[in-house]
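Good morning, everyone, and thank you for coming. Please look at the structure with me for a few minutes, and keep the sequence beside it as we go.

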Amino acid sequence: MSGCKLTARVSGVGKALPERRLTNADLEKMVDTSDEWISQRVGIKERRIAAEGEYTSHLASRAAADALKMSGLKAEEIDLILVGTSTPDMVYPSVACQVQKALGAVNAGVLDISAACTGFIYGASLAWGMIKAGCMRNVLVIGSEVNSSVVNWKDRDTCILFGDGAGAAIFSAHESETEGVLSIKLGGDGNFDELLYLTNSGCRPFPDVAGRYIMMQGNEVFKQAVRNMYECAINVLEGAGLTAADVSLLIPHQANTRIIGAVAKRLGLPDEKVFVNIADYGNTSAATIPIALCEALEQGRLKKGDVLVIDAFGAGLTFGAMAIRWT
Ligand code: COA
C-alpha cells in the first residue's frame, strides 16, 4: 500500500439482450395504445423480449461473461457475485448461484439483491464497501430481468413500459486518492409501498388479482422518481466535493424520457451529458444502468478523468446514486 486510499474502479462491463423485438406497432395490436402516445409520453420505440426458455440467469451469465473478458480476470478471481433482480428464475437457488455455475467462479460468494430498479446501484455500493474495507478485490455486479414474465399484457398502463435484458460490471480494488468510486447514496421510503408492487410474488396472497403482475400508480411514481433521483444525484456530488457542473456523464435509470429530462433540467445538465437509450430497450428495471454503462463505453462517451454519476429509482420505494471518477 502506497498510503493511497483503497477504492474501487470498474474493470469490465458487459450486456445481454434477447433477440426478439417488440415494437410500439406490435403493442398497438395488443392493447388500445399508439406509437405516438408511447413515443411522446415515455420515449420508448421498442423493447426486447426473452425467448421461451431464456431466463434471467441466462441473460445475467452472458453479460457477466463479457464483463469478465473485458476485465482480463479469471473467473476464480471473482470474490462476490451480486445480482439485482425482481424476476429471478426462482427464489432459490439465487440467480447469483446460477451465474457462479455458468462462469466457474468457484471462489465467489453469491447473493441476489431485492431493490427493484435500484438493484444495480445497491449492488455496486455493497461492492465498493467490501473492496474499501479490504475484504475483497473483485466483485461482479449484475442487473438482470425478464420483466416480460410479470407484465400484464392486457394492461396498457404498464405493458408498454418494460423490457428484458441484463448488464454487468466488475468492480475491482484500486488505490487512488482521486479516481474510481467517489461517493454513494442509498435510500428508501416504505411509506410509498402502494405506488408500485408485484402481486403474487411472495407469501402474501392477492385474491383480487389472478396473476403475478406489476401494479403501478404511474403519475405518483413519476413525481417521486424525479424528486428522489435529483436529490440522490446532488447528495453524491456533495459527498464527492463536486457540483453538477463537474459531471461529464449522467447515466439515469431508463424509465421515462420525461423523468430523465426533468432530472437533467433540475441539475442543469445539457442533453449531451445525459445518456438515454430507453427508445431501444424500454425499462429493463435493474438492468438499465449497467446496459447503458456498457453502451456509453462502446460509444466512447467516457474517458479517463470524467465524472460519471449513475442514479436510479424503483419500487419500495428505493433510490440511490454513485459518483465515479472514470479510470
Ligand atoms: N396508450 C394510450 N393511452 C394511455 C396509455 C397507453 N399505453 N396508458 C395510459 N393512457 C391514457 C390514460 O388512460 C389517461 O387517459 P385519460 O386522460 O383519458 O384518463 C392518459 O393516457 C394519461 O394518463 P396518465 O397516467 O396521466 O399519463 P402520464 O403522462 O402520467 O404517463 C406513465 C403515464 C406511466 C407513462 C408515466 O406516469 C410514467 O412514466 N410514470 C413512471 C412509471 C415508471 O417509471 N415506473 C417504473 C419505475 S422504476
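I would like to begin with helix 10, where T288, I289, P290, I291, A292, L293, C294, E295 and A296 are buried. Before going further, I should say that this is a predicted model, and everything I describe today should be heard with that in mind. Because 9 of the 11 residues of helix 10 are buried, this helix is largely enclosed by the rest of the structure. If you follow the chain just past the end of helix 10, you come to G300, which takes a positive phi of about 70 degrees.

From there, please move on to R301, which sits in the loop between helix 10 and strand 12. Is R301 buried, partly exposed or exposed? Its relative accessibility is 28%, and since buried means under 20% and exposed means over 50%, R301 counts as partly exposed. When residues up to four places away in sequence are not counted, R301 touches L249, D271, E272, V274, F275, A296 and D306, and you may recall A296 as one of the buried residues of helix 10. To give you a sense of distance, R301 and L196 are 105 residues apart in sequence, and their C-alpha atoms are 33 Å apart in space.

Helix 10 also brings us to the largest cavity, because helix 9, residues 278-281, and helix 10, residues 288-298, each supply at least two residues of its lining. Which residues line this cavity? They are Q254, N277, I278, Y281, G282, T284, T288 and I291, and by class they divide into 3 nonpolar, 5 polar and no charged. The volume of the largest cavity is about 30 Å³, and the count of cavities of 30 Å³ or more comes to 1.

The largest pocket holds about 800 Å³ of space. Its lining is made up of 29 residues, and those that lie nearest the centre are S86, S114, A116, L198 and S201. Sorted by class, the lining of the pocket has 15 nonpolar, 9 polar and 5 charged residues. Strand 5, residues 109-113, and strand 9, residues 196-198, each supply at least two residues of that lining, and strand 9 gives the most, with 3 residues.

Let us turn next to helix 8, which runs over residues 257-267 and whose buried residues are I259, I260, V263, A264 and L267. Because these residues cover an arc of only 130 degrees around the axis, they are placed on the same side of helix 8. What do they pack against? The buried residues of helix 8 pack against helix 7 (218-239), strand 11 (249-252) and strand 12 (307-314). At the N-terminal end, helix 8 is capped by N256, with a side-chain oxygen that lies 2.7 Å from the backbone nitrogen of R258. Following helix 8 comes G268, whose phi is positive, near 75 degrees.

My last stop is T158, found in helix 6, which spans residues 156-159. T158 has a relative accessibility of 2%, and so counts as buried. The side chain of T158 is joined to the side chain of D155 by a polar contact of 2.8 Å. Leaving aside neighbours within four places in sequence, T158 is in contact with N152, I214 and M216. Thank you for listening.

Key: Residues numbered from 1 in each chain as written. Predicted model: local features only at pLDDT ≥ 70, side-chain atom pairs only at ≥ 80, totals over all residues. Heavy atoms only, no water. 1 Å grid on protein atoms, 1.4 Å probe; cavity = no way out; pocket = protein on both sides within 12 Å on 5 of 7 lines; lining within 4 Å. Points joined across faces, edges and corners; volume = space filled by probe spheres on them. Helix = DSSP H or I, 4+ residues; strand = E, 2+ residues; numbered from the N terminus. Nonpolar A, V, L, I, M, F, W, Y, C, P; charged D, E, K, R; others polar. Buried < 20%, exposed > 50% of the residue type's maximum accessible area, 1.4 Å probe, protein only. Arc of directions from axis to C-beta. Contact = heavy atoms within 4.5 Å. Polar contact = N/O pair within 3.5 Å; in protein donor to acceptor, adjacent residues only side chain to side chain.
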